[in-house]
Amino acid sequence: MRRLISLATVTLTITQYTTDDSLTHIDIYQVASPGGISSQENRILDWTYRDHDDKVFGAVKGKSRWVKLVGIDDHEFLKEGYDDLEGEHVQGYVESKNGGWTVDQVPYQAYYLP
């Protein structure tokens, strides 16, 4: 499966908006070509766990938030490559429910944690 994914062209459609309750939403629609395999991932930046059944990664739970990198102490690697530590960035944290892996990321970088 990973070999097939590495050969695919992935197109992302990303929509960001704020709801009446002042929460930022980021909706990501992905389509892989050839094959037209698609998935939808909806993130709400409130640092609340939500379940998601991903077609590639399986059952996961994740949370997202706005974060100032200067305030991250537990994973210093998330700050690497950024000049702006005071500005707000999106942090995503995902745990596999069955696979024993975790991802903590501040895009443009993603790190798999043991």
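Two strands count as paired if DSSP finds at least two bridges between them. With that in hand, the pairings of this predicted model can be followed strand by strand, beginning with tyrosine 93, whose bridge partner in strand 7 is aspartate 104. This match belongs to the antiparallel pairing of strand 6 with strand 7 (residues 102-106), which extends over four bridges. The two strands make a hairpin, with five residues lying between them. In the turn sits glycine 100, and its phi is positive, at about 75°.

Strand 6 also has a partner in strand 5 (residues 58-68): the two run antiparallel and are joined by nine bridges. Here tryptophan 66 is found opposite valine 90 of strand 6. Strand 6 itself (residues 88-96) is mostly covered, with seven of its nine residues buried. As background for these pairings, strands of a sheet are held to one another through backbone hydrogen bonds, in either a parallel or an antiparallel arrangement.

Another part of the chain offers an open sheet of three strands, in the order 1-2-3 and with antiparallel pairing. Strand 1 (9-18) and strand 3 (37-44) stand at its edges; each has a single partner strand, so one side of each is left without a neighbour in the sheet. On average, neighbouring strands of this sheet are turned by 15° against each other, direction ignored. Between strand 1 and strand 2 (residues 24-33), the antiparallel pairing covers 10 bridges. One of the facing pairs brings together threonine 18 and, in strand 2, threonine 24. In a regular strand, side chains point alternately to the two faces of the sheet.

Stepping back to the whole protein chain, one helix and eight strands are present. Read from the N terminus, the order of elements is α-β-β-β-β-β-β-β-β. The C-alpha atoms fill a box of roughly 40 × 35 × 30 Å along the principal axes. Of the 114 residues in the chain, 35% count as buried. Among contacts between residues at least 6 apart in sequence, 31% join residues at least 24 apart.

The outside of the chain can be described in similar terms. Its accessible surface comes to about 7600 Å², and carbon and sulfur atoms account for 52% of that area. The protein chain carries 11 positive and 18 negative charges, and the mean positions of these two groups are 7 Å apart.

Definitions and conventions:
Residues are numbered from 1 along each chain as its sequence is written. This is a predicted model: local features need pLDDT of at least 70, side-chain atom pairs count only at pLDDT 80 or more; totals for chains, interfaces and linings use all residues. Side-chain values use heavy atoms; hydrogens and water are left out. Axes are lines fitted to C-alpha atoms, for helices over the stretch in contact, and angles run from 0 to 180 degrees between N-to-C directions. Buried means under 20% relative accessible area, exposed over 50%, partly exposed in between (1.4 Å probe, protein chains only). Contact means heavy atoms within 4.5 Å. Accessible areas come from the Shrake-Rupley method with a 1.4 Å probe; for residues, only the protein chains shown count as cover. Lys and Arg count as positive and Asp and Glu as negative; His and the chain ends are not counted. The place of a charge is taken as NZ of Lys, CZ of Arg, CG of Asp or CD of Glu.
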